[in-house]
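I opened my notebook to record what I could look up in this structure, beginning with its overall order and ending with its charged pairs.

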Amino acid sequence: MLNMIMTNLTYGFNAEGATEYVNVNFNGRDEQNENYASFTIKLKNEDLQEGTTLDDLTRKKIDEYGRQKMLKLISDSKQ
């Protein structure tokens, strides 16, 4: 099992100052340090629950949404 940790957040803003996206970086290794993974997940407002915007989120919620999207992308990918 990989121990994934959030390592970086990058915000993108529009001309009005509202957040358009947040890039969330995750890195992880397995317990034996034999396997490594790195992900950059781009969160947009449409990735969130209805009525929530990126400007409403705490760092912990961004981590949560980023992990959810990462897992969805992995599970939806073809092998």
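I read the elements from the N terminus on and noted the order β-β-β-α, which fits the count of one helix and three strands. I took helices (H or I, at least four residues) and strands (E, at least two) as DSSP runs, numbered from the N terminus. This is a predicted model, in which local features need pLDDT of at least 70 and side-chain atom pairs count only at pLDDT 80 or more, while totals for chains, interfaces and linings use all residues. I number residues from 1 along each chain as its sequence is written, and side-chain values use heavy atoms, with hydrogens and water left out.

**Overall extent.** I noted that the C-alpha atoms fill a box of roughly 45 × 25 × 20 Å along the principal axes. Of the 79 residues, 27% are buried, where buried means under 20% relative accessible area, exposed means over 50%, and partly exposed lies in between (1.4 Å probe, protein chains only).

**The hairpin.** I looked up strand S1 (residues 3-13) and strand S2 (residues 19-29), and found that they run antiparallel and are joined by 10 bridges; two strands pair if DSSP finds at least two bridges between them. I wrote down one partnership, that of asparagine 3 with arginine 29 in S2. Five residues lie between the two strands of this hairpin, and there glycine 17 takes a positive phi near 90 degrees.

**The loop after S2.** Which side chain of opposite charge is nearest to aspartate 30? I found that it is arginine 29, 7.5 Å away, and that aspartate 30 is buried yet has no salt bridge. For the charges, Lys and Arg count as positive and Asp and Glu as negative, while His and the chain ends are not counted. A salt bridge is a side-chain nitrogen of Lys or Arg within 4 Å of a carboxyl oxygen of Asp or Glu. Aspartate 30 sits in the loop between S2 and strand S3 (36-44), where its side chain reaches the backbone nitrogen of asparagine 33 at 2.8 Å. I also recorded a polar contact of 2.7 Å between the side chains of aspartate 30 and asparagine 35. A polar contact is a pair of N or O atoms within 3.5 Å; within protein, one must be able to donate a hydrogen and the other to accept it, and residues adjacent in sequence count only if both atoms are side-chain atoms.

Asparagine 33 is in this loop between S2 and S3 too, and I noted its phi near 55 degrees, a positive value in a residue other than glycine. Most residues other than glycine have a negative phi. Asparagine 33 counts as exposed because its relative accessibility is 53%.

**Charged pairs in the helix.** I counted four salt bridges in the structure, and I looked up three pairs in helix H1 (residues 59-76).

- Lysine 61 pairs with glutamate 64, with the closest N and O atoms 3.2 Å apart; both lie in helix H1, three residues apart, about one turn of the helix.
- Aspartate 63 and arginine 67 meet at 2.5 Å, N to O, and they are separated by about one helical turn because they are four residues apart in helix H1. Aspartate 63 is buried at 13% relative accessibility, whereas arginine 67 is partly exposed at 27%.
- Aspartate 76 pairs with lysine 72, with the closest N and O atoms 2.6 Å apart; these two are four residues apart in helix H1.
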